[in-house]
Amino acid sequence: MDYLILVNRFEPIPAGWSDTLKLREAGGKLFEEQTAVQLEKMLGEALAYGIEIAVISGYRSEDYQQMLWEKEISRNMGRGLDYADAVTETGKTLALPGCSEHGTGLAADLGTAGADDIEPNFHKTAAGKWLSQNAGKFGFILRYPRMKEHITGIDFEPWHYRYVGDKSAELITASGICLEEFLHFYSDKYTLC
C-alpha cells in the first residue's frame, strides 16, 4: 500500500486502486486496513485523556463523491452563484470525484463528540488541539493546513486528517509543511512510512 500517494485535482486516484483496497471499520466508518488500526489507536489514546473524537467521514466511493459534488454545487447556486462560480466555490473545499483522498481509504474527517458534520472551528476545540499535537504519533497529518492553500489547492480544513505512516507523519508535522512539499523535497532522502 502506498501511504504517500498524492491525490488532488492534478493527481487522480490511480485506476485499479479500489480493486486492491481492503477496508476495515474504525469509528463507525470504513478505512484502508492499516489506517483503521492506527485511527482506532489514536481515538483510544485521545479518549484516555478525556478527549472524545467523532469520525465524520472515511472512505467514499466515486459515486458518493459525485453526489456530494453535485449537492454542493446546487447549494452554492441556491446562494445566488452562477454555475461556473458555484463550481469554483465548491472546488475550494471539496474534491472532484476521482480526485478525493477519501476514495483512497486513507483520509478521515474528524470532529468533536456528537458532531455529524465538519466543524470550521474544529482546530479551536480540545479535540482539534489534541490532534494537532498527537496525530503524527499515529501516522496522521493535517492534510490541508492553513497558509498552504496555494500549494494544496484546498482551503484550510482543520478536520481533514490523512494517514501517511509514522515516520512520514512525524517529519511532515515537525517541518510544518504539507504533503506536496514533503514529497517534492524529502521523499527521496528518507526511508518513509
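Is Lys92 buried, partly exposed or exposed, and at what relative accessibility? Lys92 counts as partly exposed, because its relative accessibility is 34% and the partly exposed class runs between 20% and 50%. Bear in mind as you look around that this is a predicted model.

**Salt bridges**

Lys92 has a partner: its side chain meets that of Glu89 in a salt bridge, 3.3 Å from N to O. Glu89 is also partly exposed, because its relative accessibility is 29%. Some background helps here: side chains of opposite charge can pair when their charged atoms come close.

A search of the whole structure finds eight salt bridges. Three of them are set out here.

| Salt bridge | N to O distance |
|---|---|
| Glu89 and Lys92 | 3.3 Å |
| Arg60 and Asp109 | 3.2 Å |
| Glu101 and Arg143 | 2.6 Å |

The Arg60 and Asp109 pair links distant parts of the chain, 49 residues apart: Arg60 sits in the loop between β3 and α3, while Asp109 belongs to strand β4. Arg60 and Asp109 are both buried.

Glu101 and Arg143 are buried as well. Since Glu101 lies in the loop between α4 and β4 and Arg143 in strand β5, their pair ties together parts that are 42 residues apart in sequence. Glu101 and Arg143 also belong to a network of salt bridges that takes in Arg162 and Glu180.

**Helix α4**

Let us turn to helix α4, which spans residues 83-91 and has Ala86, Thr90 and Gly91 buried. These residues lie on the same side of α4, because they cover an arc of only 130° around the axis. The cover over the buried residues of α4 includes α3. At the N-terminal end of α4, Asp82 acts as a cap, with a side-chain oxygen 3.3 Å from the backbone nitrogen of Ala84.

**Aromatic rings**

How many aromatic pairs does a search of the whole structure find? The search gives three. One of them joins Tyr3 and Tyr163 edge-to-face, with 5.1 Å from centre to centre and 90° between the planes. This pair bridges 160 residues of the chain, from Tyr3 in the segment before α1 to Tyr163 in strand β6.

Tyr163 pairs with Phe140 too: the ring centres are 5.3 Å apart and the planes stand at 65°, so this pair is edge-to-face. Phe140 lies in strand β5 and Tyr163 in strand β6, so the pair ties together parts 23 residues apart in sequence. Through such ring pairs, Tyr3, Phe140 and Tyr163 become a cluster. Tyr3 is buried, Phe140 is buried with a relative accessible area of 1%, and Tyr163 is buried with 4%.

Definitions and conventions
Residues are numbered from 1 along each chain as its sequence is written. This is a predicted model: local features need pLDDT of at least 70, side-chain atom pairs count only at pLDDT 80 or more; totals for chains, interfaces and linings use all residues. Side-chain values use heavy atoms; hydrogens and water are left out. Buried means under 20% relative accessible area, exposed over 50%, partly exposed in between (1.4 Å probe, protein chains only). Helices (H or I, at least four residues) and strands (E, at least two) are DSSP runs, numbered from the N terminus. The arc is that of the directions from the helix axis to the C-beta atoms. Contact means heavy atoms within 4.5 Å. A polar contact is a pair of N or O atoms within 3.5 Å; within protein, one must be able to donate a hydrogen and the other to accept it, and residues adjacent in sequence count only if both atoms are side-chain atoms. Rings of Phe, Tyr and Trp (its six-membered ring) pair if their centres lie within 6.5 Å; planes under 30 degrees apart count as stacked, over 60 as edge-to-face and the rest as tilted. A salt bridge is a side-chain nitrogen of Lys or Arg within 4 Å of a carboxyl oxygen of Asp or Glu.
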